[in-house]
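Me: I am in my first year and would like to take a close look at a single part of this protein, namely its nonpolar interior. Could you take me through that part slowly, and then connect it with what lies around it?

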Amino acid sequence: MRHCNLHCVTTTKKKPPAPWVEKYRPKTIDDIVDQGEVVQVLRECLSGGDLPHLLFYGPPGTGKTSAILAAARQLFGDITRDRVLELNASDERGIQVVRDKVKAFAQLTVSSTRPDGRPCPPYKLVILDEADSMTNAAQAALRRTMERETRTTRFCLICNYVSRIIPPITSRCSKFRFKPLARDNVIKRLREICEAEGVDVGNGEILHQAVDTCEGDLRRALTALQCCQRLLGKITAEGLIEVTGLVPEKLVNEYLSVKNYSELERFIENFLKEAYSAFQLLDQLAMIVVNAGQLTNKQKCTLAVPLLWLTIIHNDQNISVEVSDNEVGAH
Ligand SMILES: Nc1ncnc2c1ncn2[C@@H]1O[C@H](COP(=O)(O)OP(=O)(O)OP(=O)(O)O)[C@@H](O)[C@H]1O
Ligand SMILES: [Mg+2]
């Protein structure tokens, strides 16, 4: 009789390496880089103070989600799962979810001791990540739940655009703006992570290049470095340009030396063929103008205004797509 040996079959599939952004997500609030004010408030809450409703806002990759997740773990320890409800944009968060799921969770009463008798905060925490994608009706429903359940529940809303949160909610929260991370701090953090991963960064020049492309967004810098390392087995200047979608300096210079319309046409044809982003080129041109030592401030302004308009038009198009998506969600 033949035995079925399926259970013995070993697969040769290697587990893909964990993304560095998750592997090095701050475990405690002391690991959060910059953002001193909010870290200070969270530290006070951890040492026994009460937690206000919180609204974290600011650009991507600056530590908003990491800060509240680290604080929650420190506040609740091994009962975090029971005490924290985390919803993000991938979950359904229309008015029905606020009425049912959030309200039901908020109404549960909790004690100030853990099952093993140790003390813990006498409240639960609802984290609504990417709250700016919630419909206004859902936000309005949330406002009433926040009011009624304050005794037993704290809310932390997280978003990029605070203007998309309705005033009755913003006025009930302590607001914290997360700033783009300071360049030196990003470099320090990247260096620590590269060291921990055993990745060679030479004299560190490459880290400066990674930071140049990330605009204070540590997630973007980390993702670019890891992509480069995985694709090429090392981190190089060219590799970073490739994975970040930057327009190579040679091409930017080519654009700047265009002399007439037919040269411009040829440039654009080649540019599109290579599939570079026109918006990225505008971004890089703006930086060149800002940093141009030979220009006066007035000249910089004259050159920057059309670039600014193009950027506004580009962003407006993105925002109108988001707004119409939200409207569809609201109906
Ligand atoms: N201030 C910070 N201190 C330490 N690590 C950070 C910080 N900001 C970002 N990171 C790193 O970047 C990753 C993404 O950060 P996080 O998810 O907290 O950003 P976010 O502000 O919530 O961004 P988004 O607005 O896109 O949701 C983290 O896992 C961490 O590795
Ligand atoms: Mg986040």
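Reply: Let us begin in the largest nonpolar core, which has 40 residues, and in which F56, A67, I68, L128, C156, L157 and I158 touch the most other members. Please keep in mind throughout that this is a predicted model. The elements that give two or more residues to this core are α2 (36-46), β1 (54-57), α3, α5, β3 (124-128), α6 and β4, and of these α3 gives the most, with seven residues. In soluble globular proteins, nonpolar side chains tend to be buried together.

One member of this core can be followed in detail: if we leave aside its neighbours within four places in sequence, L157 is in contact with L55, L128, A131, I165, I169 and C173. Apart from this core lies another one, of 19 residues, among them L181, A210, A221 and V243.

To see how an element takes part in the core, consider helix α6, which runs over residues 136-148 and has 13 residues. At 1.5 Å a residue it should span 18 Å, and its end C-alpha atoms are 19 Å apart, which agrees. Which residues of α6 are buried? They are A138, Q139, A141, L142, T145 and M146. Seen down the axis of α6, these buried residues fall within an arc of 160 degrees, so they line one face of the helix. What covers them includes α5 (95-107), β4 (153-159) and α7 (167-170), and two of those elements, α5 and β4, also appear among the elements that give two or more residues to the largest core.

Helix α8 offers a second example of the same kind of reading. Its 15 residues, 183-197, reach 21 Å from the first C-alpha to the last, close to the 21 Å expected at 1.5 Å a residue. In α8, V186, R189, L190 and C194 are buried, and they cover an arc of only 135 degrees around the axis, which puts them on the same side of the helix. On the other side of α8, D184, E192, E195 and A196 are exposed. What covers the buried residues of α8 includes α9 and α10, and just after the helix G198 takes a positive phi of about 70 degrees.

Two residues other than glycine also deserve attention for their backbone angles. Q35 has a phi near 55 degrees, a positive value, and is found in the loop between α1 (20-23) and α2. Is Q35 buried or exposed? A residue counts as buried if 20 or more other C-beta atoms lie within 10 Å of its own, and Q35 is therefore buried, with 22 such atoms. E130, in turn, has a positive phi of about 50 degrees although it is not a glycine, and its place is in the loop between β3 and α6. Because E130 has 18 C-beta neighbours inside 10 Å, it counts as partly exposed.

From the core we can also follow α3 outwards to the ligand. Both α3 (64-76), the element that gives the most to the largest core, and α10 (218-232) supply at least two residues each of the shell around ligand 1. In total, 21 residues surround ligand 1, and the closest are R25, P60, G63, T65 and S66. By kind, the residues of this shell divide into ten nonpolar, seven polar and four charged.

A further residue to look at is D217, which is found in the loop between α9 (205-212) and α10. D217 touches P59, P60, G61 and T62, not counting residues up to four places away in sequence, and P60 is also one of the closest residues to ligand 1. Although D217 and P59 are 158 residues apart in sequence, their C-alpha atoms are 7.6 Å apart in space. With 19 other C-beta atoms within 10 Å, D217 is partly exposed.

Finally, it helps to set these details within the whole protein, which has 15 helices and five strands. Of its 331 residues, 26% count as buried, and its C-alpha atoms fill a box of roughly 75 × 70 × 45 Å, taken along the principal axes. Among the contacts with a separation of 6 or more, 73% are between residues 24 or more positions apart.

Terms used:
Residues are numbered from 1 along each chain as its sequence is written. Chains are lettered from A and ligands numbered from 1 in the order in which they are written. This is a predicted model: local features need pLDDT of at least 70, side-chain atom pairs count only at pLDDT 80 or more; totals for chains, interfaces and linings use all residues. A residue is near a molecule or strand if its C-beta atom, placed from the backbone, lies within 6 Å of it. Helices (H or I, at least four residues) and strands (E, at least two) are DSSP runs, numbered from the N terminus. Ala, Val, Leu, Ile, Met, Phe, Trp, Tyr, Cys and Pro count as nonpolar, Asp, Glu, Lys and Arg as charged, and the others, Gly among them, as polar. A residue is buried if 20 or more other C-beta atoms lie within 10 Å of its own, exposed if 12 or fewer, and partly exposed in between; C-beta atoms are placed from the backbone. Two residues are in contact if their C-beta atoms, placed from the backbone, lie within 7 Å. The expected span of a helix is 1.5 Å times one less than its number of residues. The arc is that of the directions from the helix axis to the C-beta atoms. A nonpolar core is a set of buried Ala, Val, Leu, Ile, Met, Phe, Trp, Tyr and Cys residues joined through C-beta atoms within 7 Å.
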